[in-house]
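Trainee: I am new to this structure and would like a close look at a single part of it. Could you take me through one sheet slowly, and then show me what surrounds it?

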Amino acid sequence: MQLYLPIAEVSVNAYALIGIGGLVGFLSGLFGVGGGFLITPLLFFIGVPPGVAVATGANQVVASSISGVMAQLKRKAVDFRMGAVLLIGGLFGSGIGIWVFARLTALGQVDLFVQLAYVMFLGVVGAMMMQESLRSMLRARRAGGVVIRRAHVHTWVHGMPFKMKFRASGLYISVLPPLAIGAFVGFLSAVMGVGGGFIMVPAMIYLLGMPTKVVIGTSLFQIIFTTAFTTVMHAVASQTVDIMLALLLIVGGVIGAQFGARFGVRLKAEQLRILLAALVLLVCFKVAMDLVLTPAEFYSIMPGRLP
Amino acid sequence: MMRLFALRAALLATLAVTALPVMPLPLAAETIVAGLSQSSVSITADYAGSEILIYGAVKREEPILPGRSLRVIITVSGPDLPVVVRRKDRVGGIWINTDRIRPGAVPSFYAVATSAPLEDAISPEEDLMQGITLPRILRDGDARSQPFLDAIRRIRTAEGFYSVKENTIALTEETLFRTDVLLPTALVEGNYTVRVFLTRDGKVVDSVKRTIWVRKAGLERFIYNAAHDQPLLYGLASLLMAALAGWGASALFSRLRW
């Protein structure tokens, strides 16, 4: 069924959109990532202009994150207090990020910066996660199924002031590290144009020592607010949110998120982390290839403003 | 004396003005009468491309001149929109955008149909002068900008927004002609200009212009206006829809208890 999108100004297949929404929603419910990194290229592929794809993708992520959080909430796997602290840090970070983005745009190299940042962060984060989860899985296997369970590992993070109890995560740590992580991810998401779940999830697991199961719900919780903010900003600043496109993506997305959350329950924490690491590395590889391989067409046309 | 002079000047000016359209008459013994199957296109939710029939006839007072080839060329041009064209170059092993131009507004759609092979239908000089097969803006570049302008034509042709289709106009008895022009599914709102050229021996004998009005209608119109007139409200409405859908799906699935 073909449908003409009023803002994107292109006629697309409605079922393809529901499918894309469903796939991204599934990953969102499974890993606690927003999926902005995936939805933009997929929409671009079926002919939606990049500006509309980014803005409308953010709107879809709001819906699938809410759907995912509700599913996690039933298992009490959302740490609202931690989410709020991360969010406060995130607001500061994105404020700085928006300023840096404007400077880079003025210099004309924002695309390159975004791509390099992608490759660097995704590469490092993915490799670290993959190595850690493989090791812990091997260890579990060697120990003959008996896993030594520790609530969390004590690191330098635990020696800082302004301690706070995060009951859902079983943590009693300083608020400074979560604030800093929130600010850093907020900065990156403003500059790179993605929700930042990719960096937030590993940071919560490895730097804060939060249990994997709580991380997903908490990450989704804070993604709701950052993407909601992004959606409204785009709607006001550039009128690029296509509500009809969003509706179709959302129909697929919220259902996909429910399936993802159910599927995630059946997986072990290590398996979940390995899969996420593989996905991160895959995206990193793809972006790196785009930078290195000789493109088929050296020129690109973008809508511009009248001189 | 002064008044007489002024009067004569005015008379001369009037003569010149009235004479202008009359001037080509001796040459244009043949004129075009053209019509469109529809002069407006409404983009509604189920819009998936549309076909416009362009038809017409050659009107003449005298019998057909023998031995001189009559040809018809039709162009359809979409609204001009500003673009930025960037070029990638390899710097330190990676491909980055190194150069760009802003050529101004270029047609979002450009289709050319002819009744004969192009070189037979129009001489290159005449084509250049009238800007027929290629909009003038994509031709008048300097050494630096011309590769960018060529890229616009190449990319837009590959995407189906620009086309040159030779031999697609049916010309009957050197009098009746018709062709179908396919408007793309990614249609931009605006006025589409249809130009019909009549040529003999590669020279334009007559031309007419028609306009197709392309407008969003119904729900598409409503959403587009809402997004531009009430952006904040529109953004919040999008969020509300997202929130309701997210909550609704979760409520529905927990009701299912699977």
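Mentor: What follows starts from one strand, widens to its sheet, and then moves outward to the rest of the chain and to the partner chain.

Please keep in mind throughout that this is a predicted model. The part I would choose is strand 4 of chain B, residues 70-77, which is mostly covered, since seven of its eight residues are buried. For comparison with the chain around it, buried residues make up 27% of the 258 residues in chain B, and that chain has six helices and 12 strands.

Strand 4 of chain B has partners that you can trace by eye. With strand 11 of chain B, residues 190-200, strand 4 pairs in the antiparallel sense over eight bridges. Two of the pairings will help you to find the register: S77(B) has T193(B) as its bridge partner in strand 11, and V72(B) has L198(B) as its bridge partner in strand 11. With strand 7 of chain B, residues 110-114, strand 4 also pairs in the antiparallel sense, here over five bridges, and in that pairing T75(B) stands opposite V112(B). As a general point, the side chains of a regular strand alternate between the two faces of the sheet.

If you now step back, these strands belong to an open sheet of six strands in chain B, whose order is 2-12-11-4-7-8 and whose pairing is mixed. Strand 2 and strand 8 (162-165) of chain B stand at the edges, and because each has a single partner strand, one side of each is left without a neighbour in the sheet. From one strand to the next, the twist averages 15°.

The wider chain can be read from the same place. The domain assignment of chain B gives domain 1 (28-216) and domain 2 (217-258), and the centres of these two domains, taken over C-alpha atoms, are separated by 40 Å. Six residues of domain 1 of chain B are in contact with six residues of domain 2 of chain B. On the side of domain 1 that touches domain 2, strand 2 (40-43) and strand 12 (203-216) of chain B each supply at least two residues, and the residues of that side divide into two nonpolar, two polar and two charged. Within chain B, among contacts with a separation of 6 or more, 71% come from residues 24 or more positions apart.

A loop of chain B offers a contrast with the covered strand. G141(B) has its place in the loop between helix 3 (124-130) and helix 4 (146-158) of chain B. Why is G141(B) described as partly exposed? The reason is that G141(B) has 15 other C-beta atoms within 10 Å, a count that lies between the 12 or fewer of an exposed residue and the 20 or more of a buried one. Leaving aside its neighbours within four places in sequence, G141(B) is in contact with Q146(B) and L149(B). From Y55(B), G141(B) is 86 residues away in sequence and 34 Å away in space, C-alpha to C-alpha.

Finally, chain B should be seen together with chain A, for 49 residues of chain A are in contact with 52 residues of chain B. The elements that give two or more residues to the chain A side include strand 1 (2-5), helix 5 (110-142), helix 9 (243-266) and strand 5 (299-303) of chain A. The residues of that side divide into 33 nonpolar, 11 polar and five charged. Strands also pair across the two chains: strand 5 of chain A and strand 5 of chain B, residues 80-91, run antiparallel over five bridges, and in this pairing the bridge partner of Y299(A) is R87(B).

One of the elements just named, helix 9 of chain A, leads you into the interior of that chain. The axes of helix 1 (14-31) and helix 9 of chain A come within 5 Å and cross at roughly 35°, and the crossing is right-handed. The residues of this contact divide into 20 nonpolar, 12 polar and no charged.

Definitions and conventions
Residues numbered from 1 in each chain as written. Chains lettered and ligands numbered in written order. Predicted model: local features only at pLDDT ≥ 70, side-chain atom pairs only at ≥ 80, totals over all residues. Helix = DSSP H or I, 4+ residues; strand = E, 2+ residues; numbered from the N terminus. Contact = placed C-beta atoms within 7 Å. Nonpolar A, V, L, I, M, F, W, Y, C, P; charged D, E, K, R; others polar. Pairing = 2+ DSSP bridges. Axes fitted to C-alpha atoms, helices over the stretch in contact; angles between N-to-C directions. Left-handed = near helix turned anticlockwise from the far one by under 90°. Domains from an automatic or database assignment.
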